[in-house]
Amino acid sequence: MCLGVPGQIVKIGDSALQLATVDVCGVQRDVNISLICSDDPKPLLGKWVLVHVGFAMSIIDEEEAKQTQEALLAMSQLEHEVSDFLGLNQG
């Protein structure tokens, strides 16, 4: 299963061949934007993108990004609860 994580582009270079910095839930990572940009990357600043294995795969709107973040947080909380139920978090 492949999972894309939403993030917001917070820093961009002068070329689509340069990496952009994306903020994903407060953690900043450099990602490749060549799949979503072929010329001037400046208009991408502030845009929300779906990131997978270090690549911005697509541009998404802010509402979709927020909904996806909420779903991912809910899944992580559920994973913790299931692990507790199964006794996997016993130390």
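Let me open with contacts. In this protein chain, 38% of the contacts with a separation of 6 or more are between residues 24 or more positions apart. Keep in mind that this is a predicted model.

Now the layout. The protein chain has five strands and one helix. Follow the sequence and the pattern reads β-β-β-β-β-α. The chain holds 91 residues, and 26% of them count as buried. Its accessible surface is about 6300 Å². Carbon and sulfur atoms hold 55% of that surface.

Next, the inside. Which residues of the largest nonpolar core touch the most other members? They are I9, V22, I33, L44 and V49, out of 14 residues in that core. At least two core residues come from β2, and at least two from β4. Strand β2 gives the largest share, three residues.

Stay with V49 for a moment. Leave out residues up to four places away in sequence. V49 then touches V5, P6, G7, I9, V22, I36, A56, S58, I59 and I60. Two of those names, I9 and V22, were on the core list a moment ago.

A56 brings us to the pairing of strands. In β5, A56 stands opposite V51. How do β4 and β5 run? They run antiparallel, and five bridges join them. The two strands form a hairpin with two residues between them. Strand β4 covers 48–52, and strand β5 covers residues 55–60. A general point on strands: when a strand is regular, its side chains alternate between the two faces of the sheet.

Look at the turn of that hairpin. V53 sits in the loop between β4 and β5. Its phi is near 45°, a positive value, and V53 is not a glycine. Is V53 buried or exposed? V53 is exposed, because its relative accessible area is 67%, and the cut-off for exposed is over 50%.

V53 also belongs to a nonpolar surface patch. L35, V53, F55 and M57 make that patch, and its area is about 390 Å². F55 lies in strand β5. At 31% relative accessibility, F55 is partly exposed.

There is another positive phi to show you. C25 is not a glycine either, yet its phi is positive, at about 55°. Where is C25? C25 is in the loop between β2 and β3, with β2 at 19–24 and β3 at 27–32. C25 counts as exposed, since its relative accessibility is 53%.

C25 leads us to the helix. Among the residues that Q69 touches is C25. The others are P6 and W48, again not counting residues up to four places away in sequence. Q69 is in helix α1. Is Q69 buried or exposed? Q69 is buried, because its relative accessible area is 14%, and buried means under 20%.

Helix α1 covers residues 62–86, and E62 lies in it. E62 is partly exposed, with 46% relative accessible area. Compare E62 with G7. In sequence, E62 and G7 are 55 residues apart. In space, C-alpha to C-alpha, they are 9.5 Å apart. G7 was also one of the residues that V49 touches.

Last, charges. In general, side chains of opposite charge can pair when their charged atoms come close. How many salt bridges does a search of the whole structure find? One. The side chains of D14 and K42 meet in a salt bridge, at 2.9 Å from N to O. This pair links distant parts of the chain, 28 residues apart. D14 is in the loop between β1 and β2, and K42 is in the loop between β3 and β4. D14 counts as exposed, at 64% relative accessibility. K42 is partly exposed, at 41%.

To recap the tour. We saw a chain with one helix and five strands. We saw a largest nonpolar core of 14 residues. We saw a hairpin of β4 and β5, where V53 takes a positive phi. And we closed on the salt bridge of D14 and K42.

Conventions: Residues are numbered from 1 along each chain as its sequence is written. This is a predicted model: local features need pLDDT of at least 70, side-chain atom pairs count only at pLDDT 80 or more; totals for chains, interfaces and linings use all residues. Side-chain values use heavy atoms; hydrogens and water are left out. Helices (H or I, at least four residues) and strands (E, at least two) are DSSP runs, numbered from the N terminus. Buried means under 20% relative accessible area, exposed over 50%, partly exposed in between (1.4 Å probe, protein chains only). Patches are made of residues with over 30% relative accessible area and no salt bridge: like charges are joined within 9 Å, nonpolar side chains (Val, Leu, Ile, Met, Phe, Trp, Tyr) within 5 Å. Accessible areas come from the Shrake-Rupley method with a 1.4 Å probe; for residues, only the protein chains shown count as cover. A salt bridge is a side-chain nitrogen of Lys or Arg within 4 Å of a carboxyl oxygen of Asp or Glu. Contact means heavy atoms within 4.5 Å. A nonpolar core is a set of buried Ala, Val, Leu, Ile, Met, Phe, Trp, Tyr and Cys residues joined through side-chain atoms within 4.5 Å. Two strands pair if DSSP finds at least two bridges between them.
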